Amino acid sequence: MLILTTNDDGIHSPGLTTLVEALKSVAEVVVVAPDRERSATGHALTLHAPLRADEIRPGVYAVDGTPTDCVNLGIHGLFERRPDLVVSGINRGANMGDDITYSGTVSAAMEATLMGVPAFAISLACESPYPDFSAASDFAAKLSSFIAQRGLPPDTFLNVNIPELPAEQIKAARVTRQGKRVYGDLVVENVDPRGRKYYWIGAGELGFRDLEGTDFHSVHRGHISVTPLHMDLTNYRSFEEIGKWDLPHP
Ligand code: MN
């Protein structure tokens, strides 16, 4: 089995390094990752500039692009073989609820799914300055072997979140649904040393709705959360109401 790994925290992040070491026990592993932190770049693709892929060690490429660029290059450009699985992470910090559309980590797994390669994203719900990625890496290796044997349903990828706890305190994995974020509406306005205003977004306190069955609910109770995702953003539950609308004629 050949596993392509990537992330959005950058090629030097300890979450990726620890992941790669663990995956080497179950597969051949190659790395194509951004050359710097590209968190919160979502599913961005670089279409109007060249990309450079610098092979810093055999099978390890640093790319001056987004996580989605990395997966695209890793599947189509850099290797003779197509990977059997793409693993994105281990992200420093959770990727749950509404946050996932911002996430480069999750979008990388989404890109692999679009290319027809099974994939999962994995994140550690950590807040400490030097998080321990080993329990999350062990889980990633086991999950990779499991997916290699079982496969994934069509158009489905997994979003995995691991609680930041000592390995023996982490509880069983649960299949969850995507939860609900409560965003703080804070924009910080300040003045730079040259007297010009600047703004900082995303600085507010973040909350979440503690709903049974969600990713947030499971991780906050010490369980590993595994959320199956797909690309279809259609809101089927709205069909009944919106289907009755008398939409404007062209
Ligand atoms: Mn990140």
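**Exercise 1.** Which residues of the largest nonpolar core touch the most other members?

*Solution.* The model is predicted.
Step 1. The largest nonpolar core holds 34 residues, and those that touch the most other members are Leu-23, Val-87, Phe-120, Ile-122, Phe-139, Val-160 and Ile-162.
Step 2. Next come the elements behind this core. At least two residues each are supplied by helix H1 (14-23), strand S2 (28-34), strand S4 (60-63), strand S5 (85-92), strand S6 (119-125), helix H4 (134-150), strand S7 (157-163) and strand S13 (223-229).
Step 3. H4 gives the most to this core: seven residues.
Step 4. Apart from this core lies another, of 22 residues, including Tyr-61, Val-63, Phe-79 and Phe-157.
Step 5. As a general background, nonpolar side chains tend to be buried together in soluble globular proteins.

**Exercise 2.** List the residues in contact with Val-160, leaving aside its neighbours within four places in sequence.

*Solution.* Step 1. Contact requires heavy atoms within 4.5 Å.
Step 2. With those neighbours left aside, Val-160 is in contact with Phe-120, Ala-121, Ile-122, Ser-123, Phe-139, Leu-143, Ile-224, Ser-225 and Val-226.
Step 3. Two of these partners, Phe-120 and Phe-139, are also on the list of core residues that touch the most other members.

**Exercise 3.** Describe the overall build of the protein chain, and decide how its radius of gyration relates to the globule rule.

*Solution.* Step 1. The protein chain has six helices and 13 strands.
Step 2. Its radius of gyration is 19 Å, and the globule rule gives 18 Å for 250 residues; the two are close, so the protein chain is as compact as a globular protein of that length.
Step 3. The C-alpha trace spans about 55 × 50 × 50 Å along its principal axes.
Step 4. Of the 250 residues, 44% are buried.
Step 5. Counting contacts between residues at least 6 apart in sequence, 75% join residues at least 24 apart.
Step 6. The exposed area of the protein chain is about 14,200 Å², with 53% supplied by carbon and sulfur atoms.
Step 7. For the charges, 22 are positive and 32 negative, and their mean positions are 2 Å apart.

**Exercise 4.** Why does helix H2 count as largely enclosed by the rest of the structure?

*Solution.* Step 1. A residue is buried when its relative accessible area is under 20%.
Step 2. In H2, the buried residues are Pro-67, Thr-68, Asp-69, Cys-70, Val-71, Gly-74 and Ile-75.
Step 3. H2 covers residues 67-76, and seven of its ten residues are buried, so the helix is largely enclosed by the rest of the structure.
Step 4. The buried residues of H2 pack against strand S1 (2-6), S2, S4, S5 and helix H3 (104-114).

**Exercise 5.** Locate the backbone features at Ala-40, at Asp-155 and between Gly-89 and Ile-90.

*Solution.* Step 1. The general background is that most residues other than glycine have a negative phi, and most peptide bonds are trans.
Step 2. Ala-40 has a positive phi of about 60°. Ala-40 sits in the loop between S2 and strand S3 (53-57) and is exposed, at 58% relative accessible area.
Step 3. Asp-155 also has a positive phi, near 60°. The loop between H4 and S7 holds Asp-155, which is exposed, with a relative accessible area of 56%.
Step 4. The peptide bond joining Gly-89 and Ile-90 is cis, with omega about -5°. Ile-90 belongs to strand S5.

**Exercise 6.** Place Asp-232 in the protein chain and classify its exposure.

*Solution.* Step 1. Asp-232 lies in the loop between S13 and helix H6 (239-243).
Step 2. Its relative accessibility is 29%, so Asp-232 counts as partly exposed.
Step 3. Asp-232 and Gly-213 are 19 residues apart in sequence, and their C-alpha atoms are 21 Å apart in space.

Conventions
Residues are numbered from 1 along each chain as its sequence is written. This is a predicted model: local features need pLDDT of at least 70, side-chain atom pairs count only at pLDDT 80 or more; totals for chains, interfaces and linings use all residues. Side-chain values use heavy atoms; hydrogens and water are left out. Helices (H or I, at least four residues) and strands (E, at least two) are DSSP runs, numbered from the N terminus. The radius of gyration is taken over C-alpha atoms; the globule rule is 2.2 Å times the number of residues to the power 0.38. Buried means under 20% relative accessible area, exposed over 50%, partly exposed in between (1.4 Å probe, protein chains only). Accessible areas come from the Shrake-Rupley method with a 1.4 Å probe; for residues, only the protein chains shown count as cover. Lys and Arg count as positive and Asp and Glu as negative; His and the chain ends are not counted. The place of a charge is taken as NZ of Lys, CZ of Arg, CG of Asp or CD of Glu. A nonpolar core is a set of buried Ala, Val, Leu, Ile, Met, Phe, Trp, Tyr and Cys residues joined through side-chain atoms within 4.5 Å.
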